[in-house]
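Visitor: Could you take me through one part of this model up close? I'd like to look at the pockets, and then at whatever else you think belongs in the tour.

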Amino acid sequence: MRPPVLLETTSFSSSSSSPSDRRLNVLAGHLVHNDQMDSQNISPSPTASSGSVFAHLVRAPEDPILGVTVAFNKDPSPVKLNLGVGAYRTEEGKPLVLNVVRKAQHQIVNDPSRNKEYLPIVGLADFNKLSAKLIFGADSPAIQENRITTVQCLSGTGSLRVGGEFLAKHYHQRIIYLPKPTWGNHTKVFTLAGLSVKTYRYYAPATRGLDFQGLLEDLGSAPSGSIVLLHACAHNPTGVDPTPEQWEQIRQLIRSKALLPFFDSAYQGFASGNLDADAHSVRSFVADGGELLAAQSYAKNMGLYGERVGALSIVSKSADVASLVESQLKLVIRPMYSNPPLHGASIVATILKDRDLYNEWTIELKGMADRIISMRQQLFDALRSRGTPGDWSHIIKSIGMFTFTGLNPEQVSFMTKEYHIYLTSDGRISMAGLSSKTVPHLADAIHAAVTRAS
């Protein structure tokens with residue numbers, strides 16, 4: 001038995017103590033007595049001697065993308081290079097906080113009228129309105145006709161998940177077609193949302209370009225009403241996008257088959273440096289009057305990775321239907337995370353609604369896109385100057401943050417072991433992680449992998 005707990009109290013004589021003091025003494029004595037009784041009555045947990053109820057668990061594998069960073073962080077080499085995770089780096093290899101983001105944040109934290117109250121379930125109203133204008137265009141007929149429902153979500157991933165669960169509950173077809181290959185998290189997100197995942201051909205390894213014929217054949221044979229996930233621009237992981245003419249053929253096929261397009265727009269403005277050009281595919285589908293879903297992320301184009309800022313928009317046939325859609329989206333969001341965070345959305349809204357900040361953002365955004373394009377050219381030139389076997393023109397033909405190098409898992413492993421360069425096993429590299437100083441090191445590693453580890 002545990003020794004009795006002694007509670008130090010102040011002693012008051014009955015003649016000098018007030019009624020309130022006497023009540024405190026009585027309460028203190030009562031608490032001591034209860035503590036002693038409780039300590040005697042607590043029985044050991046039935047699992048205390050038999051081990052944890054979770055002991056049967058097996059260790060889950062590292063995420064194939066985030067696991068690259070885990071391995072990178074453990075490597076003590078001074079020349080190590082992480083090209084696995086999709087996050088922009090400066091020429092000095094450092095994370096970048098945009099100047100315009102710092103300005104917006106300064107305005108927000110120094111505004112005494114702001115508070116930290118909960119947002120509505122659908123998020124910050126200004127953020128939603130401005131996000132719709134950004135991706136669909138300020139002059140979009142769907143916006144003017146109030147046919148768009150936009151809700152703030154937890155970056156692109158959360159937007160996809162909310163959209164997936166909404167479709168699983170309210171759409172008549174539960175099959176979603178994903179391009180092969182696609183972002184590694186897509187399959188998990190939509191499967192857990194309750195959809196059945198299938199794939200359509202997208203990338204042709206032989207040409208390291210788009211398998212356009214295979215894409216048309218697979219979508220052409222998809223059941224009517226199927227959902228089709230489309231990368232709005234800067235396809236992840238290949239960096240291969242359809243041409244405007246190919247997008248038009250894809251649009252016609254999808255509409256003729258009554259398929260439902262679901263766009264994942266993670267790189268608007270980050271791919272070409274032009275916000276409107278990178279939204280062309282989405283806007284062409286809105287212009288025909290049909291319905292669609294679009295997930296947006298501000299992780300890349302505003303560098304707000306850790307703020308988890310995104311939006312889901314659903315374009316409907318009418319304003320009345322859009323209102324019904326919003327009411328049901330609330331029922332998806334409320335039990336999932338109740339309502340979204342305030343700070344990141346406030347930063348985005350502050351930038352998008354201020355002309356000067358918006359213009360400054362577009363300049364910084366183009367600077368990031370141009371640096372990535374420059375890295376593509378420098379890597380291509382470095383491989384050509386070394387006489388590296390193979391055609392490496394796909395590096396400068398592809399667009400956005402990522403490039404499929406065409407390297408196999410054995411060559412990737414060789415580069416990691418011999419050159420301390422970290423990338424995913426499928427040969428995808430993040431161009432945004434390169435700099436003029438590290439391009440020669442990467443080119444040496446690729447050359448050695450192709451000539452010695454093939």
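Guide: Sorting the lining of the largest pocket by class gives 14 nonpolar, 10 polar and six charged residues. This is a predicted model, and the pocket in question holds about 630 Å³ of space. Its lining runs to 30 residues. If you want to find the middle of it on your screen, go for Thr157, Trp183, Asn236, Tyr267 and Lys300, which lie nearest the centre. Two helices are worth colouring here: H6, covering 155-170, and H7, covering 184-193, each supply at least two residues of that lining.

Now swing over to the second largest pocket, where about 510 Å³ of space lies. Here 22 residues make up the lining, and Phe72, Leu81, Asn82, Gly93 and Gly433 are the ones nearest the centre. Helix H2 (66-74) and strand S1 (81-82) are the elements that give two or more residues to this lining. H2 gives the most, with three residues. By class, you get seven nonpolar, 10 polar and five charged residues around this second pocket.

Next stop, a strand. S7 spans residues 227-231, and five of its five residues are buried, so the strand is largely enclosed by the rest of the structure. Look at it face by face: Ile227, Leu229 and His231 sit on one side, Val228 and Leu230 on the other, and all of them are buried, which leaves both faces covered.

S7 also has strand partners. Strand S3, residues 175-180, pairs with S7 in the parallel sense over two bridges. To see where they meet, pick out Tyr177, which stands opposite Val228 in S7. Strand S8, residues 260-265, pairs with S7 as well, again in the parallel sense, over five bridges. There, His231 has Asp264 in S8 as its bridge partner. So you can follow two residues of S7 both ways: Val228 is buried and faces Tyr177, while His231 is buried too and is bridged to Asp264.

Last, a word on confidence. The protein chain averages a pLDDT of 92, with 91% of the residues scoring at least 70. Residues 4-14 are another matter, with pLDDT below 50 over that stretch, though in the model it has 13 contacts beyond near neighbours in sequence.

Technical notes: Residues numbered from 1 in each chain as written. Predicted model: local features only at pLDDT ≥ 70, side-chain atom pairs only at ≥ 80, totals over all residues. Heavy atoms only, no water. pLDDT = per-residue confidence, 0-100. Contact = heavy atoms within 4.5 Å. 1 Å grid on protein atoms, 1.4 Å probe; cavity = no way out; pocket = protein on both sides within 12 Å on 5 of 7 lines; lining within 4 Å. Points joined across faces, edges and corners; volume = space filled by probe spheres on them. Helix = DSSP H or I, 4+ residues; strand = E, 2+ residues; numbered from the N terminus. Nonpolar A, V, L, I, M, F, W, Y, C, P; charged D, E, K, R; others polar. Buried < 20%, exposed > 50% of the residue type's maximum accessible area, 1.4 Å probe, protein only. Pairing = 2+ DSSP bridges.
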